[in-house]
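Colleague: Please take one part of this model and go through it closely. I would like to know where that part sits and what lies around it.

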Amino acid sequence: MHQFLSLKLNPEQDLKRELQSFCEKNTIQAGCIVSGIGSLKKAKIRLANSSEFFESVSFFEIVSLSGSLSVNGCHIHISIADKDGNIKGGHLVDDNLIYTTAEIVILKLSGQTYEREFDSITGFKELKIT
């Protein structure tokens, strides 16, 4: 049976590390982010098809957060907006620090397991569903 779980993060917590830790504490073998909002005081995002990062110590609103989650690894994308409404987005990595809060709803899927396997074509660990 599928299960909805909620997570609230506090100032200074690292968004990606906390999501991975939440998966481990709740033995999430397969899951997804249903909703994610909040704010950051430090952002680090890997840009599309690049080894380059957007990095900034400033205040941002999390306007979208999506991804697949598992104790075997998470793949998460984020979009953030600055005070002028400019949007940056890409692959969530470590070192995204919460400013005031993050409110996240997660769907824990039953009957599936998400794993990550190295793919020689893409050069990344890609999703394997069992």
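Modeller: Two residues are in contact when heavy atoms of theirs lie within 4.5 Å of each other. The part I have chosen is N96, and the model is a predicted one.

Some background on the chain helps to place N96. The protein chain has one helix and nine strands. Read from the N terminus, a strand is followed by the helix, and then the other strands follow, in the order β-α-β-β-β-β-β-β-β-β. N96 belongs to neither kind of element, as its place is the loop between strand 6 (87-92) and strand 7 (97-108).

Is N96 buried or exposed? N96 counts as buried because its relative accessible area is 0%, where the cut-off for buried is under 20%. In the chain as a whole, 38% of the 130 residues count as buried.

The side chain of N96 has two backbone oxygens to consider. One is the backbone oxygen of K44, reached at 2.8 Å. The other is the backbone oxygen of V93, also reached at 2.8 Å. V93, like N96, can be found by its number in the loop between strand 6 (87-92) and strand 7 (97-108).

Which residues is N96 in contact with, leaving aside neighbours within four places in sequence? They are Q13, D14, L15, L40, K42, A43, K44 and I45. K44 thus appears both in this list and as the owner of a backbone oxygen that the N96 side chain reaches. L40, K42, A43, K44 and I45 have numbers that fall in strand 2 (31-46). L15 has the number at which helix 1 (15-25) starts, while Q13 and D14 fall in the loop between strand 1 (3-9) and helix 1.

That loop before helix 1 also holds E12, which has a positive phi of about 80 degrees although E12 is not a glycine. Most residues other than glycine have a negative phi. E12 is partly exposed, since its relative accessible area is 47%.

Contacts between parts of the sequence that lie far from each other can be counted for the whole chain too. Among contacts in the protein chain between residues at least 6 apart in sequence, 62% join residues at least 24 apart. As for overall size, the radius of gyration is 15 Å, which agrees with the value near 14 Å for a compact globule of 130 residues.

Key
Residues numbered from 1 in each chain as written. Predicted model: local features only at pLDDT ≥ 70, side-chain atom pairs only at ≥ 80, totals over all residues. Heavy atoms only, no water. Helix = DSSP H or I, 4+ residues; strand = E, 2+ residues; numbered from the N terminus. Rg over C-alpha atoms; globule rule 2.2 N^0.38 Å. Buried < 20%, exposed > 50% of the residue type's maximum accessible area, 1.4 Å probe, protein only. Polar contact = N/O pair within 3.5 Å; in protein donor to acceptor, adjacent residues only side chain to side chain.
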